[in-house]
Amino acid sequence: PEWLDDMGRSIWSLYMPRLRGMGYVKDTDRLAFARLCDHTARWLRLREKVNVKGESYTTESRHGKMERINPD
């Protein structure tokens, strides 16, 4: 699908021919599989950001320090 980004298209290109060859994907499954490719690409991008920045960060206010979850 044209609305997938480059990473999503890479995932699509890697798996769709194999899935079709095994008979797992029908035409009615294309949108669902495209969504999976999109979400997988997003997860991989966010995973990399969390790997670099960490799973949490510390903030400080007049009330003290607080550990917060990385929103990514």
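Is R45 buried, partly exposed or exposed? I looked this up as my opening entry, keeping in mind that the model is a predicted one, and I noted that R45 counts as partly exposed because its relative accessibility is 34%.

**Entry on R45 and D5**

I then followed the side chain of R45 and found that it meets the side chain of D5 in a salt bridge, with 2.7 Å from N to O. This pair links distant parts of the chain, since R45 belongs to helix α2 while D5 sits in the segment before α1, and the two are 40 residues apart. I checked the partner too, and D5 counts as partly exposed because its relative accessibility is 28%.

**Entry on the other salt bridges**

How many salt bridges does the structure have by the rule applied here? I noted a count of three, and I went on to look up the ones that do not involve R45.

R9 forms a salt bridge with D6, and their closest N and O atoms are 3.2 Å apart. Both residues lie in helix α1, where they are three residues apart, or about one turn of the helix. Their exposure I wrote down separately: R9 is partly exposed at 35% relative accessibility, whereas D6 reaches 59% and therefore counts as exposed.

K49 forms a salt bridge with D72, the closest N and O atoms being 3.4 Å apart. Here again distant parts of the chain are linked, with K49 in helix α2 and D72 in the segment after β2, 23 residues apart. I recorded K49 as partly exposed at 37% relative accessibility, and D72 as partly exposed with a relative accessible area of 29%.

**Entry on the aromatic pair**

I looked next for aromatic pairs and found that the structure holds one. W12 and F33 form this pair, which is tilted, with 5.4 Å from centre to centre and 50° between the planes. The pair joins distant parts of the chain, because W12 is in helix α1 and F33 is in helix α2 (residues 30-53), 21 residues apart. Are these two residues buried or exposed? I noted that W12 is buried and that F33 is buried as well.

**Entry on the surface patch**

On the surface I looked up a nonpolar patch of about 280 Å², which is made by M7, W43 and L44. Of these residues I followed M7 further, and I found it in helix α1, which runs over residues 6-21. M7 is partly exposed, with a relative accessible area of 33%, and it can belong to a patch because patches take residues with over 30% relative accessible area and no salt bridge.

**Entry on R20**

R20 also has its place in helix α1, and I recorded it as partly exposed because its relative accessibility is 46%. What does R20 touch once its neighbours within four places in sequence are left aside? I noted contacts with V25 and R30.

**Entry on the strands**

My last entry concerns strand β1 (residues 56-61), which pairs with β2 in the antiparallel sense over six bridges. A hairpin of two residues joins β1 to β2, and as one place to find in the view I wrote down E60, which stands opposite K65 in β2. How many of the six residues in strand β2 are buried? For β2, which covers residues 64-69, I noted a count of zero, so that the strand is hardly covered, buried meaning under 20% relative accessible area.

How values were computed
Residues are numbered from 1 along each chain as its sequence is written. This is a predicted model: local features need pLDDT of at least 70, side-chain atom pairs count only at pLDDT 80 or more; totals for chains, interfaces and linings use all residues. Side-chain values use heavy atoms; hydrogens and water are left out. Patches are made of residues with over 30% relative accessible area and no salt bridge: like charges are joined within 9 Å, nonpolar side chains (Val, Leu, Ile, Met, Phe, Trp, Tyr) within 5 Å. Accessible areas come from the Shrake-Rupley method with a 1.4 Å probe; for residues, only the protein chains shown count as cover. A salt bridge is a side-chain nitrogen of Lys or Arg within 4 Å of a carboxyl oxygen of Asp or Glu. Helices (H or I, at least four residues) and strands (E, at least two) are DSSP runs, numbered from the N terminus. Buried means under 20% relative accessible area, exposed over 50%, partly exposed in between (1.4 Å probe, protein chains only). Rings of Phe, Tyr and Trp (its six-membered ring) pair if their centres lie within 6.5 Å; planes under 30 degrees apart count as stacked, over 60 as edge-to-face and the rest as tilted. Contact means heavy atoms within 4.5 Å. Two strands pair if DSSP finds at least two bridges between them.
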